[in-house]
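Student: I am new to this structure and would like to go through it step by step. Could you guide me?

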Amino acid sequence: MREAHQDAIARVNEERLWRSLMEMAQIGAIPGNGVNRAALSKEDIAARKVLIGWARDRNFHVGVDAIGNLFVRRPGDDAAAAPVLTGSHMGSQPRGGRFDGIYGVLAGLEALQAIEEAGARTRRPIELVAWTNEEGGRFPPCTMGSAVYTGARKLEDFLEVTDNDGVVLRDALLQTLAATPEVAQRPLQAPVAAYIEAHIEQGPLLENAGKTIGVVTGIQGLRWYNIEVFGKTDHAGTTPLTMRQDALRGAVGIISALEKLTHDPADAVRFTVGRMLVSPNSPNSVPSHVLFSVDLRHPDPAILDRLAGAVEAAAERAAKPCSIKITPTLREDPCGFDPDVVDAVERAAIELKFACMRLPSGASHDAMYLARVCPAAMIFVPCENGVSHNESENAKPGDLAAGARVLTSVLLELANR
């Protein structure tokens, strides 16, 4: 068994992995080497079809669940055993890169192919999963597919969510599922023995430290809100400033107040406003309504709770004379990964002679939901200058292959337990 294990790791093909990444990057390609492949879009459907084709070319079974999570299965000796899962997401940010998410999917496919070519037997099945709507850029919130799969949220919670163009998630999901009618249906909340996710770091720590593999110990917590500001539409040229209820000025005041609230000399707090909708959105009308998002993160649950608890009061003070409505859209406490799986990642990296370091994830990932239902961990590889959610996102073929080799080793260990 050990010989087949080593053979499988050796069969991870750097060129083949890179080629698959570059081919997938053409789906939704935008200028600057970027990708716009929104969840449940025609580009997402095209990418799904390519992955399904590649899986079937390798004689793997393909399935899909009610929220569109796509599964590729390599059987184990014990068909009744819960599988070991690996994967990530295929959707991107509107101005995303070629590696965020899709690397974890295609590294998982490469690992399955290498294991199959080596003829390595496993007690448990190994499954690759492409989670639906991890980014949340089109249909907020993020990590939707894994939240529904694990039972943390209900599918019905999200079906009426709309994107900026008014498209309802229910309709986009039905269209996506209808595009691959030949794919077998599978249930939500099926048992999982363990989960391991490969991903680019999306930060600079590995590159700055000269390390190839990040052994991820957990994920920092977050709070998401939609804040709405209600004012009154007036003529931009005739209404004195003192008489206005300008919703956009109110929104700017709130954002400024929240910047002060979250100021942190240690630079551990993460505060972001990434989405804003203004109405009536006319150059010579005073805005009457603004909706904007707030993304607040910190690794310490006590600090995160303190900051989150102060958001509403700070916003109300800053919005006057306008009124506001705050809607929490996502709450995730900091997540610690299973020590045994974390150790397995570190052990594999050391055995394969890849320089590694332990670190937390600043970004959210589907692994945080899987960690609620099974032992889970993540593998990071460096990305150039720590850049992600950007067209210039880049990673080295050798680093990507190294992560896939560590992934293959860990999968084989977990699937033979």
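Tutor: The following exchange covers helices, cavities, a pocket and one loop residue of this predicted model.

Student: Let us begin with α8. Which of its residues are buried?
Tutor: The buried residues of α8 (247-261) are Ala-247, Gly-250, Ala-251, Ile-254, Ile-255 and Leu-258.

Student: Why do the buried residues of α8 line one face of the helix?
Tutor: Seen down the helix axis, the buried residues of α8 fall within an arc of 135 degrees, so they line one face. An α-helix has 3.6 residues a turn, so residues three or four places apart point the same way.

Student: And which residues are exposed on the other side of α8?
Tutor: Arg-249, Val-252 and Lys-260 are exposed there.

Student: What do the buried residues of α8 pack against?
Tutor: They pack against five strands and one helix, named here in full: β10, β11 (270-272), β12 (276-279), β13 (289-298), α9 (301-319) and β14 (323-332).

Student: How does the length of α8 compare with what one should expect?
Tutor: The 15 residues of α8 should span 21 Å at 1.5 Å a residue, and the end C-alpha atoms are 21 Å apart, which agrees.

Student: What about the span of α3?
Tutor: For the 16 residues of α3, the span should be 22 Å at 1.5 Å a residue; the end C-alpha atoms are 23 Å apart, which agrees.

Student: Which residues of α3 are buried, and what do they pack against?
Tutor: In α3, the buried residues are Asp-44, Ile-45, Ala-47, Arg-48, Leu-51, Ile-52, Trp-54 and Ala-55. The packing partners of these buried residues are α2 (14-25), β3 (61-64), β4 (70-74), α4 (102-118), β6 and α6 (169-178).

Student: What comes just after α3?
Tutor: Asn-59 is found just after α3 and takes a positive phi of about 65 degrees.

Student: Changing topic: how many cavities of 30 Å³ or more does the structure hold?
Tutor: The structure holds two of them. The largest cavity has a volume of about 60 Å³, and the second largest has a volume of about 40 Å³.

Student: Which residues line the largest cavity?
Tutor: Its lining consists of Ala-39, Asp-44, Arg-48, Leu-70, Met-90, Gly-91, Ala-130, Trp-131, Thr-132 and Asn-133. The elements that give two or more residues to this lining are α3 (42-57) and β6 (126-131). By type, the lining residues are five nonpolar, three polar and two charged.

Student: And the second largest cavity?
Tutor: Arg-48, Val-64, Leu-70, Thr-176, Leu-177 and Thr-180 line the second largest cavity. Three of these lining residues are nonpolar, two are polar and one is charged.

Student: What is the volume of the second largest pocket, and which residues line it?
Tutor: The second largest pocket has a volume of about 160 Å³. Among the residues that line this pocket are Pro-140, Pro-141, Arg-153, Asp-157, Phe-158 and Arg-275. The full lining divides into four nonpolar, three polar and four charged residues.

Student: Finally, where does Gly-231 lie?
Tutor: Gly-231 is in the loop between β10 (221-230) and α8. Its relative accessibility is 26%, so Gly-231 counts as partly exposed.

Student: What is Gly-231 in contact with, leaving aside neighbours within four places in sequence?
Tutor: Gly-231 is then in contact with Gln-245, Ala-247, Ser-288 and Cys-322. Of these, Ala-247 is also among the buried residues of α8.

Student: How far is Gly-231 from Arg-249?
Tutor: Their C-alpha atoms are separated by 9.6 Å, and the two residues are 18 residues apart along the chain.

Technical notes: Residues numbered from 1 in each chain as written. Predicted model: local features only at pLDDT ≥ 70, side-chain atom pairs only at ≥ 80, totals over all residues. Heavy atoms only, no water. Helix = DSSP H or I, 4+ residues; strand = E, 2+ residues; numbered from the N terminus. Buried < 20%, exposed > 50% of the residue type's maximum accessible area, 1.4 Å probe, protein only. Contact = heavy atoms within 4.5 Å. 1 Å grid on protein atoms, 1.4 Å probe; cavity = no way out; pocket = protein on both sides within 12 Å on 5 of 7 lines; lining within 4 Å. Points joined across faces, edges and corners; volume = space filled by probe spheres on them. Nonpolar A, V, L, I, M, F, W, Y, C, P; charged D, E, K, R; others polar. Expected span 1.5 Å × (residues − 1). Arc of directions from axis to C-beta.
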